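Biologist: I am new to reading models. Please pick one helix packing for a close look, and then link it to the rest of the picture.

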Amino acid sequence: MIWNVPFITVALLIAIGLYAVMFKRNLIKIAIGITIIESGVNLFLITLGYRKGGIAPIYTNLPSGVKVPEGMVLPVPQALTLTSIVIGVAVLALMLSFIMKMYQHNKSLDSHSRRLKG
Amino acid sequence: MIYNEAIPAILIGLPLLAAFITPIINLASKKARNAFVIAILAIEELLIILLAWHVFTNGIVIYTMGAKNPSIVPLQAAVPVRIVLEIDGMAAFMGLISCTVAMAAGIYSIAFIKEGNGKARYYTLLLIMLAGMLGMVFTGDLFNLFVFLEILSIASCGLIAYRQHADAVEGAFKYLVVSNIAALFVLFAIALFYAQYDLLNIAAIANAMQYTQLDKIALALLVAAFAMKCGAVPMHFWAPDSYSTAPAAITAMLVAASQASLYALFRVCFTLYGSLMNYHMIGIAIIIFGLLSMFIGVTMALPQKDIKRLMAYHAISQTGYMLLGVGVGLYLLGSSDFNVYGIKAMEGGIFHIINHAMYKGLLFLTAGAIYYRLGTRNLNEMGGLGHTMKFTSIYFIIGALAIAGIPPFNGFASKLLIYEACYKVSPILSIVAMLVSVLTLASFIKVFHSAFMGPKMHDVKEAPKSMLAGMAVLTFVIIFFGLFPGWVVSHIVHPAAMALVEKMAYINAVMGG
């Protein structure tokens with residue numbers, strides 16, 4: 001891979017996401033931050049399974065000249081990523097619906113307008 | 001014995017299936033729905049007792065999903081191919097806690113949750129939560145652990161926000177953010193393992209573990225994530241908010257859910273890394289987490305006016321005891337002192353897990369009973385409830401004495417083990433533990449006095465029968481454990497502690513040899 005660009009991207013994405021979750025006051029931005037962290041982790045998983053010039057790991061109609069299994073990308077990280085994406089969608093939907101409810105009650109998206117203190 | 005090798009799979013599958021049948025039965029009749037849910041929870045309790053009995057007498061149980069012979073793991077070139085459930089003493093022990101608390105919470109909710117506001121969905125989420133907890137403690141596969149962790153946190157958040165107050169939604173949002181970040185840390189650590197060993201099975205990774213630089217990063221991520229989820233002190237801020245705003249029965253479940261994360265922390269420290277890592281350092285780190293949680297938890301609890309918030313801070317402080325006990329065990333792992341008092345400390349810490357789930361569950365349920373009748377959680381508005389809510393006040397006294405460690409209740413038995421063993425390591429640990437115990441008693445005397453004592457101020461009735469029955473389940477366990485601590489320690493707690501220590505038994509059950 002060119003200069004490990006995917007891994008650097010992973011680190012950047014996770015750092016940006018953590019920054020957003022920790023220092024942003026807008027609730028929607030916190031939700032966006034979590035989604036960015038999740039994209040970073042998913043990218044990391046996919047990068048792990050990458051093989052240079054590899055093909056999809058499907059045995060039917062295999063093109064000639066492909067080494068099995070060295071010429072194929074790893075299927076397991078892709079399965080993990082799919083599961084993680086599905087879970088991520090559920091969490092994001094739940095989080096946004098909570099934010100909606102909180103906006104209805106507080107008339108504000110600022111996390112400093114919270115009610116539970118001490 | 002009527003034992004079947006499919007029991008581990010049924011235990012996880014049954015509540016998942018029942019969760020989605022519940023709304024259908026709800027269409028026919030509300031009473032049938034209640035009976036169905038309670039029946040399912042009772043069957044779960046029965047099955048987990050059978051399974052735990054089998055594990056405690058015959059050793060580790062393996063169930064391979066989808067294999068012809070589920071008790072044998074199919075290995076291909078030393079890689080276990082399918083998802084494996086692996087139930088050792090510790091997992092069975094945690095399963096017992098989850099099922100017992102779920103049964104008490106289910107019975108309690110019949111009267112506690114009012115009809116009409118989507119109660120069928122409430123039970124659906126409750127059953128999914130139980131399935132998540134059981135899956136988390138039974139699984140032998142790291143990615144599966146991540147999936148069940150997410151199932152558990154999504155179901156819990158839905159339940160915390162069940163009443164849709166502004167407070168409840170805020171508590172649920174905090175919990176969701178914290179648990180989702182924790183879960184993503186776990187997923188990142190899993191990816192680090194997969195990158196190095198091409199494995200996802202816990203036993204297989206533990207077998208192949210080299211303790212490289214990447215493994216150290218994974219260890220830090222996993223410990224941080226699970227400590228965050230179990231509410232240890234630097235990351236405890238979510239616990240009081242979500243514990244105090246959730247419906248009381250769910251708070252009791254949340255206590256058990258936090259302990260499932262605690263289980264995952266112990267599993268990572270002992271089984272995945274064990275003697276490979278610098279267990280002195282990690283042991284000291286866990287002891288410091290424990291001491292901080294104990295002390296800060298109890299001092300934050302003292303000035304609280306909201307009864308459930310006060311109890312939530314106590315939950316943080318009690319988690320400290322478990323971390324302290326098991327941390328001392330980890331610190332001494334491998335030294336000659338381990339067999340003398342290290343194992344005692346671990347037994348104390350692990351015994352405290354089940355004790356805490358029982359009495360803290362009971363206390364939250366009594367707080368829920370007060371809220372049900374009075375409509376407030378503010379201690380200043382309570383008073384004289386002991387005149388009419390007689391059973392509730394008796395349950396509260398039992399729970400309060402148990403949490404403060406007064407004999408003959410169960411808290412005393414586990415705290416004594418922790419005091420004795422920690423004293424050998426450093427007297428300061430025991431002194432802090434006893435001080436925290438005294439402060440706990442002080443703050444519960446405050447609650448008892450302001451809620452139950454004094455002249456009659458409110459014209460309230462005793463809590464409904466189903467709520468009293470739910471509390472009775474937990475009270476029975478507390479008194480039983482308090483009266484026969486020796487039997488419980490030698491038959492249930494000791495196998496659980498040994499299951500954590502004997503790393504090779506866990507590995508060999510999957511890898512053979």
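**A close look at one helix packing**

Modeller: Let's start inside chain B, where H10(B) and H13(B) make a right-handed crossing (the near helix is turned clockwise from the far one by less than a right angle; anticlockwise would be left-handed). This is a predicted model, in which local features need pLDDT of at least 70 and side-chain atom pairs need 80 or more, while totals for chains, interfaces and linings use all residues. Residues are numbered from 1 along each chain as written, chains are lettered from A and ligands numbered from 1 in written order, and side-chain values use heavy atoms, without hydrogens or water.

H10(B) covers residues 248-273 and H13(B) covers residues 338-374 (helices are DSSP runs of H or I with at least four residues, numbered from the N terminus). Their axes lie 7 Å apart at an angle of about 165° (axes are lines fitted to C-alpha atoms over the stretch in contact, with angles from 0 to 180 degrees between N-to-C directions). The two helices are therefore roughly antiparallel (the word for angles over 145 degrees; under 35 is roughly parallel, 65 to 115 roughly perpendicular, and the rest oblique).

Which residues of H10(B) and H13(B) meet? On the H10(B) side they include Val255(B), Leu262(B), Phe266(B) and Phe270(B), and among those on the H13(B) side are Met346(B), Ile353(B), Phe364(B) and Leu365(B) (contact means heavy atoms within 4.5 Å). By class, this contact has 12 nonpolar, five polar and one charged residue (Ala, Val, Leu, Ile, Met, Phe, Trp, Tyr, Cys and Pro are nonpolar; Asp, Glu, Lys and Arg are charged; the others, Gly among them, are polar).

Now look at another packing within chain B. H3(B), residues 89-112, meets H18(B), residues 485-501, at an angle of about 130° with axes 7 Å apart. H3(B) and H18(B) are therefore oblique to each other. Gly89(B), Met90(B) and Phe93(B) are the H3(B) residues in this contact, which counts eight nonpolar residues, one polar and no charged ones.

Next, go across to chain A. Helix H3(A), residues 75-106, packs against H6(B), residues 166-197, at about 165° with axes 9 Å apart. That makes H3(A) roughly antiparallel to H6(B), and their crossing is left-handed. Phe98(A), Leu94(A) and Met95(A) are among the H3(A) residues that take part, with Phe173(B), Leu176(B) and Glu170(B) among those of H6(B). The residues here divide into 16 nonpolar, four polar and two charged.

Taken as a whole, the contact between the chains uses 35 residues from chain A and 36 residues from chain B. About 3100 Å² is buried between them, 82% of it from carbon and sulfur atoms (buried area is the accessible area, with a 1.4 Å probe, that two parts lose on being put together, summed over both). On the chain A side, Leu80(A), Phe98(A) and Leu116(A) lose the most area, together 21% of what that side buries.

How many salt bridges cross this interface? The rule finds zero between chain A and chain B (it asks for a side-chain nitrogen of Lys or Arg within 4 Å of a carboxyl oxygen of Asp or Glu), although the structure holds nine over all chains. One of them joins Glu170(B) to Lys174(B), with the closest N and O atoms 3.5 Å apart. Both residues lie in H6 of chain B, four residues apart, about one turn of the helix.
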